[in-house]
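This briefing is intended for a first-year reader who has the sequence and the model at hand. Please consult both while reading the points that follow.

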Amino acid sequence: MMRNFSPPWWARNPHIQTILPVLTKVDRPVLSRQRLELSDGDFIDLDWLGKPKKSAPIIVIIHGLEGSSESHYVRRLLADCSAQSLCAVVHHHRSCSGESNRKARSYHSGDTQDLQEHLTWIKSHYPDSPLFAVGYSLGGNVLTKYLGEYADQSLIEKAVVVSAPLALSACAKRLEKGFSKVYQSYLIKQLQQKVKNKVNNPLLADQIPVSLSEIPQLRTFYEFDHRITAPLHGFNGADDYYYRASGMRFLQDIHRPTLVIHAADDPFMNEDVIPNINQCASKVTYELHNKGGHVGFIDGGTPFKPRYYLEQRILNFLTS
């Protein structure tokens with residue numbers, strides 16, 4: 001039976017919901033890695049759980065900003081998929097699998113091309129397997145945009161979107177305030193290091209739009225996206241990028257059953273990410289919880305071994 005989400009007394013704070021899962025990761029099952037060569041000469045790495053079976057679904061997992069198959073939410077979902085003998089594959093964004101990608105560009109919140117190439121490859125090799133997808137945070141925004149862009153041509157048949165920053169500009173501003181600045185600083189440092197590595201690569205240095213000395217000055221997402229993400233990916237500045245890449249306006253064009261889950265206390269976001277009924281297609285089920293933090297949703301257990309709402313909700317929606 002599906003349980004409703006209600007946090008325990010000790011996990012009602014959004015930062016506990018957001019941080020504790022990082023500190024209490026579960027073991028993940030053994031995965032097999034596959035490298036997928038992309039049409040532009042770059043690559044992404046895919047981590048497979050199990051092998052596809054004829055007519056059985058494949059669950060495509062799309063991680064968040066600077067995530068990977070090691071992310072706490074991915075590990076938990078993989079563990080639950082393994083327990084239910086479900087085949088799953090982790091879609092790594094460029095540069096997120098432990099090895100720098102070949103191009104000056106990397107990935108961004110609206111990058112659906114790599115996902116489409118990945119899905120096309122799967123369908124060409126396993127045409128009888130329906131594709132389900134789960135996208136978390138940035139990966140959830142990518143998934144939302146993909147579903148709306150491709151509409152009835154989507155290769156994904158069912159989807160779940162978790163804690164997605166569907167209004168990128170508002171989320172960038174939210175992360176400049178209060179304790180949320182801690183999350184921004186943590187993620188920006190990782191992004192800065194990847195850019196430094198490319199500036200130090202003689203094959204890429206002249207394609208990077210900033211110098212080595214300028215990188216530490218980019219301390220907010222807006223500054224980073226304006227100076228690096230936007231020019232490297234063909235946008236006319238951060239505002240253009242945020243408008244064109246935000247998933248919100250694609251919700252109304254989704255043709256596949258899709259569950260969108262948000263927490264009202266998510267420290268990465270504000271009320272601008274909450275769509276109204278007119279912004280959602282009939283195929284979209286929207287679930288807003290008062291609590292849950294960012295990709296948290298602890299609903300029981302103990303602080304040393306939390307229990308989660310997400311995995312049961314995700315797999316219940318996808319497999320029912």
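Ser-85 is exposed in this predicted model, because its relative accessible area of 56% is over the 50% cut-off. The residue belongs to the loop between helix 2 (72-83) and strand 4. Although Ser-85 is not a glycine, its phi is positive, at about 55 degrees.

**Backbone angles**

- Most residues other than glycine have a negative phi.
- Phe-297 is another residue that is not a glycine and yet has a positive phi, of about 60 degrees.
- The loop between strand 8 (284-289) and strand 9 (298-302) contains Phe-297.
- Is Phe-297 buried or exposed? Phe-297 is buried, because its relative accessible area of 0% falls under the 20% cut-off.
- Gly-234, just after helix 7, also takes a positive phi, of about 85 degrees.

**Nonpolar cores**

- In soluble globular proteins, nonpolar side chains tend to be buried together.
- The largest nonpolar core has 34 residues, and the members that touch the most others are Leu-143 and Ile-156.
- Two or more residues of this core come from each of strand 2 (43-49), strand 3 (58-62), strand 4 (87-91), helix 3 (113-125), strand 5 (131-136), helix 4 (138-150) and strand 6 (158-162).
- Which element gives the most to this core? Helix 4 does, with five residues.
- Once neighbours within four places in sequence are set aside, the contacts of Leu-143 are Ile-62, Ala-133, Val-134, Gly-135, Ile-156, Ala-159, Val-160 and Val-161.
- Another core, of 30 residues, lies apart from the largest one and includes Leu-168, Val-195, Val-199 and Ala-245.

**Salt bridges**

- Side chains of opposite charge can pair when their charged atoms come close.
- The model contains 19 salt bridges.
- One of them joins Arg-33 to Asp-45, with 4.0 Å between the closest N and O atoms.
- Arg-33 lies in strand 1 (residues 32-37) and Asp-45 in strand 2, so this salt bridge ties together parts that are twelve residues apart in sequence.
- The two partners differ in burial: Arg-33 is partly exposed, at 46% relative accessibility, whereas Asp-45 is buried, with a relative accessible area of 2%.
- Arg-35 and Glu-99 also form a salt bridge through their side chains, at 2.9 Å from N to O.
- This pair links distant parts of the chain, since Arg-35 is in strand 1 and Glu-99, 64 residues away, is in the loop between strand 4 and helix 3.
- Arg-35 is partly exposed, with a relative accessible area of 35%, and Glu-99 is partly exposed as well, at 38%.
- A further salt bridge pairs Asp-42 with Arg-94, whose closest N and O atoms are 3.1 Å apart.
- Asp-42 is in the loop between strand 1 and strand 2, while Arg-94 is in the loop between strand 4 and helix 3, 52 residues apart.
- Both Asp-42 and Arg-94 are buried.
- Which residues are linked in a network of salt bridges? Arg-33, Arg-35, Asp-45, Asp-47 and Glu-99 are linked in this way.

**Helix 7 and helix 8**

- The axes of helix 7 (residues 221-232) and helix 8 (residues 238-245) come within 8 Å of each other and cross at roughly 90 degrees.
- Helix 7 is therefore roughly perpendicular to helix 8, a description that covers angles from 65 to 115 degrees.
- On the side of helix 7, the contact is made by Phe-221, Tyr-222, Asp-225, His-226, Thr-229 and Ala-230; on the side of helix 8, by Ala-238, Asp-239, Tyr-241 and Tyr-242.
- Sorted by type, the residues of this contact are six nonpolar, two polar and two charged.
- The buried residues of helix 7 are Phe-221, Phe-224, Asp-225, Ile-228, Thr-229 and Ala-230.
- Helix 5 (168-174), helix 6 (180-199) and helix 8 are among the parts that cover these buried residues.

**Tyr-309**

- Tyr-309 occupies the loop between strand 10 (305-308) and helix 9 (310-319).
- With a relative accessible area of 2%, Tyr-309 is buried.
- Tyr-309 is 72 residues from Gly-237 in sequence, and their C-alpha atoms are 38 Å apart in space.

How values were computed. Residues are numbered from 1 along each chain as its sequence is written. This is a predicted model: local features need pLDDT of at least 70, side-chain atom pairs count only at pLDDT 80 or more; totals for chains, interfaces and linings use all residues. Side-chain values use heavy atoms; hydrogens and water are left out. A nonpolar core is a set of buried Ala, Val, Leu, Ile, Met, Phe, Trp, Tyr and Cys residues joined through side-chain atoms within 4.5 Å. Buried means under 20% relative accessible area, exposed over 50%, partly exposed in between (1.4 Å probe, protein chains only). Helices (H or I, at least four residues) and strands (E, at least two) are DSSP runs, numbered from the N terminus. Contact means heavy atoms within 4.5 Å. Axes are lines fitted to C-alpha atoms, for helices over the stretch in contact, and angles run from 0 to 180 degrees between N-to-C directions. Angles under 35 degrees count as roughly parallel, over 145 as roughly antiparallel, 65 to 115 as roughly perpendicular and the rest as oblique. Ala, Val, Leu, Ile, Met, Phe, Trp, Tyr, Cys and Pro count as nonpolar, Asp, Glu, Lys and Arg as charged, and the others, Gly among them, as polar.
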